[in-house]
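Reader: I am new to protein structures. Could you take me through one part of this one closely, and explain the terms as you go?

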Amino acid sequence: MISNREEVTALILAKKVAKGVQWKEVADAIGLSKEWTTAACLGQMTFNKEQATIVGEIFDLPDEAVAWLQIVPYKGSLPTEVPTDPLIYRWYEVVNVYGSTIKELIHEEFGDGIMSAIDFSMDIQREENPNGDRVNVVLSGKFLPYRSY
């Protein structure tokens, strides 16, 4: 019996390894980006019934797991306040070092507000470079101004 969404995530990851599935293959099957699809498979987004059914077929999930994929998850995937995984820690470091710069430049350009992580997209690509391939990440979020009331 599956008792929570985290168990479904663990099952998906185990099946991904066992079957040699790539996230892009899953994304192509449901017709969405590899970034959003991966986040959903890792328990951070909600699949609709059709998408959950396709994911269930790809990973040979039981009906109960497919049902959990359609439940709004508790978001936030880091196990600790300061991440310890080296790759995730580097993102934490980017925000620590450049966060105030990003905030200052967004406020200068748009005014007082935030960048949405709801009305949002992300694109991760390999950028070939003779000095060593680079990770190219584009984050695009709707600007949401604070309002006076």
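Author: What follows is a close look at helix 3 and its surroundings. This is a predicted model, in which local features need pLDDT of at least 70 and side-chain atom pairs count only at pLDDT 80 or more, while totals for chains, interfaces and linings use all residues. Residues are numbered from 1 along each chain as its sequence is written, and side-chain values use heavy atoms, with hydrogens and water left out.

Start with the helix itself. Helix 3 covers residues 34–41. Helices here are DSSP runs of H or I with at least four residues, strands are runs of E with at least two, and both are numbered from the N terminus. Is helix 3 largely enclosed or largely open? Six of its eight residues are buried, so helix 3 is largely enclosed by the rest of the structure. Buried means under 20% relative accessible area, exposed means over 50%, and partly exposed lies in between (1.4 Å probe, protein chains only). The buried residues are Glu35, Thr37, Thr38, Ala39, Ala40 and Cys41.

Which elements cover them? The cover includes helix 1 (5–19), helix 2 (23–30), helix 4 (49–58) and strand 1.

Now look at one contact of Cys41. Phe59 touches Cys41. Contact means heavy atoms within 4.5 Å. Not counting residues up to four places away in sequence, Phe59 also touches Ile12, Lys15, Lys16, Lys19, Val21, Trp23 and Val26.

Phe59 belongs to the largest nonpolar core, which has 18 residues. Such a core is a set of buried Ala, Val, Leu, Ile, Met, Phe, Trp, Tyr and Cys residues joined through side-chain atoms within 4.5 Å. Ile12, Val55 and Phe59 touch the most other members. Helix 3 gives two or more residues to this core, as do helix 1, helix 2, helix 4 and helix 5 (63–68).

Next, follow the chain onward. Just after helix 3, Gly43 takes a positive phi of about 90 degrees. Then comes Gln44, in the loop between helix 3 and helix 4. Is Gln44 buried or exposed? Gln44 is buried, because its relative accessible area is 16%. Leaving aside neighbours within four places in sequence, Gln44 is in contact with Ala39, Pro73, Tyr74, Lys75, Gly76 and Ser77. Ala39 is one of the buried residues of helix 3. That contact links the loop residue Gln44 back to the helix.

For contrast, turn to helix 6. Trp91 lies in helix 6. Trp91 counts as partly exposed, because its relative accessibility is 42%. Ile88 is also found in helix 6, and at 33% Ile88 counts as partly exposed.
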